[in-house]
Structures are given as structure tokens and as C-alpha cells.
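Trainee: I should like to learn how to read a model of this kind, feature by feature. Where should we begin?

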Amino acid sequence: MALIILESTKCSLCNKKLKADDEIISWSAFLMPDHKFGKFSNSGMHKSCFENWKHKDEFQYLNSYKPYLDFNDSHIKTMIEKHGMPDWLKEVQAFRKTHPEFKP
Ligand SMILES: [Zn+2]
């Protein structure tokens with residue numbers, strides 16, 4: 001998850017500071033920096049800003065699909081062999097199975 005420092009970190013959508021009593025959504029770094037939504041991955045945003053964002057659905061879709069996650073990557077394979085598949089990885093795998101048409 002993105003590191004959010006309240007009263008300092010800014011909402012990646014409206015650019016206003018995130019305050020302690022705001023409803024905040026924090027995203028992990030799931031996109032490359034040069035992706036069109038790269039600056040929103042690994043960021044925090046107001047829940048209300050996200051709800052009104054025109055790219056909300058596409059972004060949420062990308063977050064579920066994690067297009068840059070490679071199940072054949074040696075680090076991933078080793079992790080699964082050693083520790084089993086974590087729930088978040090199972091969720092990605094399940095999402096991909098039900099959305100085979102997705103093109104990152
Ligand atoms: Zn905002």
C-alpha cells in the first residue's frame with residue numbers, strides 16, 4: 001500500500017492534502033510509472049474523488065488484474081513453492097480466469 005502521511009500526502013486526483021478525518025483509498029504499486037494511470041498506482045486518494053473519477057472502473061479493473069504480475073516469474077514461483085499461494089494472488093488468478101478478454 002502507498003505510504004500516506006496525513007496532512008502532507010496529497011490526493012492524486014484533486015491534489016489537496018489528505019486529512020485524518022477524510023475517507024481515503026490507498027493503492028499498491030500495481031502499474032508501471034509510465035502507464036497512463038501510473039501516477040495513481042502507489043498513491044492515496046479521497047474516496048469521494050475516486051468515486052467521481054471518470055477512469056474509476058478501468059483503474060479498478062487494472063488493480064484486480066495486475067497486468068504486470070507474471071505468474072511465471074521466478075520470484076513468484078519460488079514464493080508459491082515455499083509459502084503456498086497467498087490470498088491476494090489467488091484473487092488475481094481468479095479474476096484473470098473470469099476476464100480472459102482483458103488486454104493490458
Ligand atoms: Zn481528492
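**Reading the chain**

Mentor: Let us begin with helix 3, in which 0 of the 10 residues are buried, so this helix lies largely in the open. Please bear in mind throughout that the model is predicted.

Trainee: How many residues of helix 4 are buried?

Mentor: The number is 0 of 12, so helix 4 too lies largely in the open. The length of a helix can be checked against its expected rise of 1.5 Å a residue. Helix 4 covers residues 87-98 and reaches 17 Å from its first C-alpha to its last, close to the expected 16 Å.

Trainee: What is the order of the elements along the chain?

Mentor: From the N terminus the order is β-β-α-α-α-α, which gives 2 strands and 4 helices. The C-alpha atoms fill a box of roughly 40 × 30 × 25 Å along the principal axes.

Trainee: Which domains does the assignment give?

Mentor: The domain assignment gives domain 1, residues 1-54, and domain 2, residues 69-104. The C-alpha centres of these two domains lie 25 Å apart.

Trainee: What share of the 104 residues is buried?

Mentor: Buried residues make up 14% of the chain. As for contacts, consider those with a separation of 6 or more: 52% of them join residues 24 or more positions apart.

Trainee: Which residues form the largest nonpolar core?

Mentor: That core has 5 residues, namely W27, F30, L31, F40 and L62. F30 is a useful member to examine in detail. It lies in the loop between strand 1 and strand 2.

Trainee: Why does F30 count as buried?

Mentor: Burial is judged by counting neighbouring C-beta atoms, and a residue is buried if 20 or more others lie within 10 Å of its own. F30 has 21 such atoms within that distance, so F30 is buried. Leaving aside neighbours within four places in sequence, F30 is in contact with S41, L62, N63 and K66. K10, by contrast, is 20 residues from F30 in sequence, and their C-alpha atoms are 19 Å apart.

Trainee: How far apart in space are M45 and I25?

Mentor: Their C-alpha atoms are 5.4 Å apart, while the two residues are separated by 20 residues in sequence. M45 is found in strand 2. Its 25 C-beta neighbours inside 10 Å explain why M45 counts as buried. Beyond its neighbours within four places in sequence, M45 is in contact with C11, S12, L13, I25 and F50.

Trainee: Is K39 buried or exposed?

Mentor: K39 counts as exposed because it has 12 C-beta neighbours inside 10 Å, and the cut-off for that class is 12 or fewer. K39 lies in the loop between strand 1 and strand 2. Its C-alpha atom is separated by 14 Å from that of I25, 14 residues away along the chain.

Trainee: Where is D70 found, and why does D70 count as exposed?

Mentor: D70 is in the loop between helix 2 (56-65) and helix 3 (74-83). With 11 C-beta neighbours inside 10 Å, D70 therefore counts as exposed. The C-alpha atoms of D70 and P33 are separated by 17 Å, and these residues are 37 apart along the chain.

Trainee: Let us turn to the backbone. What sign does phi usually have in residues other than glycine?

Mentor: Most residues other than glycine have a negative phi. N15 has a positive value, near 70 degrees. N15 lies in the segment before strand 1 (24-26), and this residue is exposed because 8 other C-beta atoms lie within 10 Å.

Trainee: What is the phi of N42?

Mentor: Phi of N42 is near 55 degrees, again a positive value in a residue other than glycine. N42 lies in the loop between strand 1 and strand 2 (44-46). With 17 other C-beta atoms within 10 Å, N42 is partly exposed.

Trainee: Which glycine takes a positive phi just after helix 3?

Mentor: That glycine is G84, and its phi is about 80 degrees.

Technical notes: Residues are numbered from 1 along each chain as its sequence is written. This is a predicted model: local features need pLDDT of at least 70, side-chain atom pairs count only at pLDDT 80 or more; totals for chains, interfaces and linings use all residues. Two residues are in contact if their C-beta atoms, placed from the backbone, lie within 7 Å. A nonpolar core is a set of buried Ala, Val, Leu, Ile, Met, Phe, Trp, Tyr and Cys residues joined through C-beta atoms within 7 Å. The expected span of a helix is 1.5 Å times one less than its number of residues. Domain bounds come from an automatic or database domain assignment.
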